[in-house]
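Please consider the following model, in which a sheet and a set of salt bridges will be examined in turn.

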Amino acid sequence: MQAETESGLLGPLEEWLDRIARPIEFATRDDGAHLKAVTNLSDFISTQVLSALRQQPYPKAIEARLISLRDLFVDFPSSLSLDEQRRRLRTAGAHIQALRKAAQQPAAPPTLPSGSVPEPASTDGGRTELWRLPVRFAKGVGPKRTTVLQRLRIETVEDVLWSIPWRYEDRSVMTPIGNLVPGMVASICGMVGKCEAKRTRNRRLSVLEVGIEDQSGRLEVVFFNQPYLEEVLTVGTRVMLSGRVISGRGDWMVPRMDVAQYEVVGEGLESTLHVGRIVPVYHETKGWTSRQMRVLVRNVLTDHRMDLIDHLPAPLRARQRLIPIHEAFQDVHFPKAGTDGHLLERGKTAAHRRLAFEELLLLQLALASRHRAVHEERKEVRFNPRTPLLAQLTGLLPFRLTGAQERVIREIFRDMISPRPMNRLVQGDVGSGKTAVAVQAIVMACGSGYQAALMAPTEILAEQHYRNLSGMLQALGLQTVLMRGGEKASIKSAQAEQLAAGAVQVAIGTHALLQQGVTFKSLGLAVIDEQHKFGVLQRKAMIEKGYKPDVLVLTATPIPRTLAMTVYGDLDVSVIDAMPPGRKPVRTFLFNDGQRRRAYQIVHDELYAGKQAYIVYPLVEESEKVDLQAAIQGAEQLRNGEFSDFRVGLLHGRMKASEKEEVMADFKAGTIQLLIATTVIEVGVDVPNATVILIEHAERFGLAQLHQLRGRVGRSSHQAYCLLMAQNLGRGKAESRRRTLGSEESMSAARERLEALVRSNDGFVIAEDDLRIRGPGEFFGLRQWGMPEFRVANLVRDGDLLEQARQEAFSLLQSDPGLTESAHQGLREAMLRKWEKKLELGSIS
């Protein structure tokens, strides 16, 4: 009979109950007279119950009794009164009696063999599957704490281990009390010389005054509303304390300490957790502190060390010089003495590296699997690369394609004529000519008898695509339709009928293309512009319409290489890395409010020279109404004041589609000379005669967004200018004194962002700067890019690890495509647990 566990041999249930009942019955005798003689009852009961639950699937009633029994001792004796301890022991006795009766019934399981865990986890060779074991089963948790931990995204015992510290404090160096100076943060070790409990006059506040001594001096410590410490910090007890030193009262020679952490030191006691070492500091929430988290992590590492499974194959670990998983968890939570503090704070220790690599490898395996699945699928459409429409298109283009555009077109055509579906991302800086590349793909698809859909993130951009492309496509005999969400029902119905009948070859629109009732007769190509504004779900919805078109994704937002490998890791990537000939780099200047006159003069000069200009106001969701009002008032003031000599127009997202279209048409025709707009012009608006853009409150924009806005000018051979008007970036002493530390730090980051834009016109350089300054979470903004979440890995810090993980993932899948070899099955299961639902593995992208 297999029943060997860390806590001993588990026999029949009655035998197990005898073992657990003995200390409880002894402690209960003589009305609890022997309570002090029974130590570690909490640990003993918790370990025994957890072992029973791991080993045998019991009926729900027995399982509930076992959990209730364990919960009675989670905080026993801790700060419990003697009466409460007696009550709990009596309740425990009642639970044991009920369990004895249940054990004697025929239906009850007579033994505790090795098997699957009830509800939470099954075992493999006696090991508990920690990813399925709810955190309530961990020693010291219980039902109430489970709810608190869920706020920290800790649902399972495995989650506890992956919730790593966000910083560390070195409390390993003990300072002699005689060397303490007010203001310093220090750790000391000494003996309790006095311990006096007092109450304030209104008796609402309890005060415990403790005197600590070592050979060099004496220290006073005060604890408020912690009366139970009187029994812990008794005279003669050795303690370690850590906190900030403050000036003493009365006897000014005796320093005091504002204690952050304390720990009793003595023979036979647990190793120090909170002082006397490099101490981990965790994210906290109401009802859960770093101190509690340290105890929980220590318990999990002690109780489940043998349950940790290293998913990474040994040869891979050796190649990448990665430490084993159990060592990584131990060292990341409780670093060894002497660990380099700088490496800890930067997340660069061997332990951090090991855990980050596993996270990145699982993602790269998932993306590589999806990439492989798409490429192994048979394509349902067949394109004709020799369609005469392509030659006709070349004759209609008003410009020559650049070498970079021609290279990317070849890559796209190679995908389109291959027997595998195309899933390609085209990256190109603003103005690099992505749309011209996309048109080639659209014409090949339509010239082969299929339909094409072009989706844009905003109606303004969809309308612009329609204006720019419809004439050329119509000249090739390709019927093109613009589909808008706010269109009249009759028009939408007629458009839907034409698409379903195949009378329309090209549909251009926003997400309206994905609405119910819109059906294509033979959709062969989906072109998705600015994918990050869309999201995976819309793209999936299009593919789920019953078609498996080739997919071409365009983005003018340069994506740093590390992010491209995560967000678009399942796509093939093409880069248009050259601008059309004759374009001059946009000159960028940073102004503060006191220099507004100079900025306006540049705008005046360009307008008098017959050019056009933009003035852009920020518009963000949190303050949309206020921002919109500012833009409208600003337009009115400029129209009647500074720029009264010129024709001024206003464009914002709340205008009706027809009004926006009219304003854009007037601006493009030159009727409007100065366009005041909110950020609706960020993407894609193309007016070659516009040579200057002034951006108000530039400090409120992200760097990539500013680069997008700058791309609205410089679209001809004329010199163009981008004027950044920023508030509160001055470095004067008076201004610095007025600001809080937090705002000063944010202003510093804003200045760094704006100066990066002034320095460079290269979108990829700017994107790397943006990522470095703001970090991945902020860079992507509200996870709208489908940004993967990591517990340990950081894409800014771990770019080299990501590259290595990607290479390992492709190498593994090349040698074992399904990860079916025994050495890879754990890795495969871990990958699916983490990413199967999020990335819809097994389905087309």
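The paragraphs below treat the sheet, its helices and then the salt bridges.

The model is predicted: local features need pLDDT of at least 70, side-chain atom pairs count only at pLDDT 80 or more, and totals for chains, interfaces and linings use all residues. Residues are numbered from 1 along each chain as its sequence is written, and side-chain values use heavy atoms, without hydrogens and water.

An open sheet of 7 strands follows the order E14-E15-E13-E16-E17-E12-E18, with parallel pairing. Strands are DSSP runs of E with at least two residues, and helices are runs of H or I with at least four, numbered from the N terminus; two strands pair if DSSP finds at least two bridges between them. The edge strands, each pairing on one side only, are E14 (480-483) and E18 (572-576).

Helix H14 (residues 403-417) packs on this sheet and touches E12, E17 and E18, contact meaning heavy atoms within 4.5 Å. The direction of H14 makes about 160 degrees with that of E18; axes are lines fitted to C-alpha atoms, for helices over the stretch in contact, and angles run from 0 to 180 degrees between N-to-C directions.

The whole structure contains 26 salt bridges, each a side-chain nitrogen of Lys or Arg within 4 Å of a carboxyl oxygen of Asp or Glu. In one of them, Arg407 meets Asp577 at 3.7 Å, N to O. This pair links distant parts of the chain, 170 residues apart: Arg407 lies in H14, Asp577 in the loop between E18 and E19.
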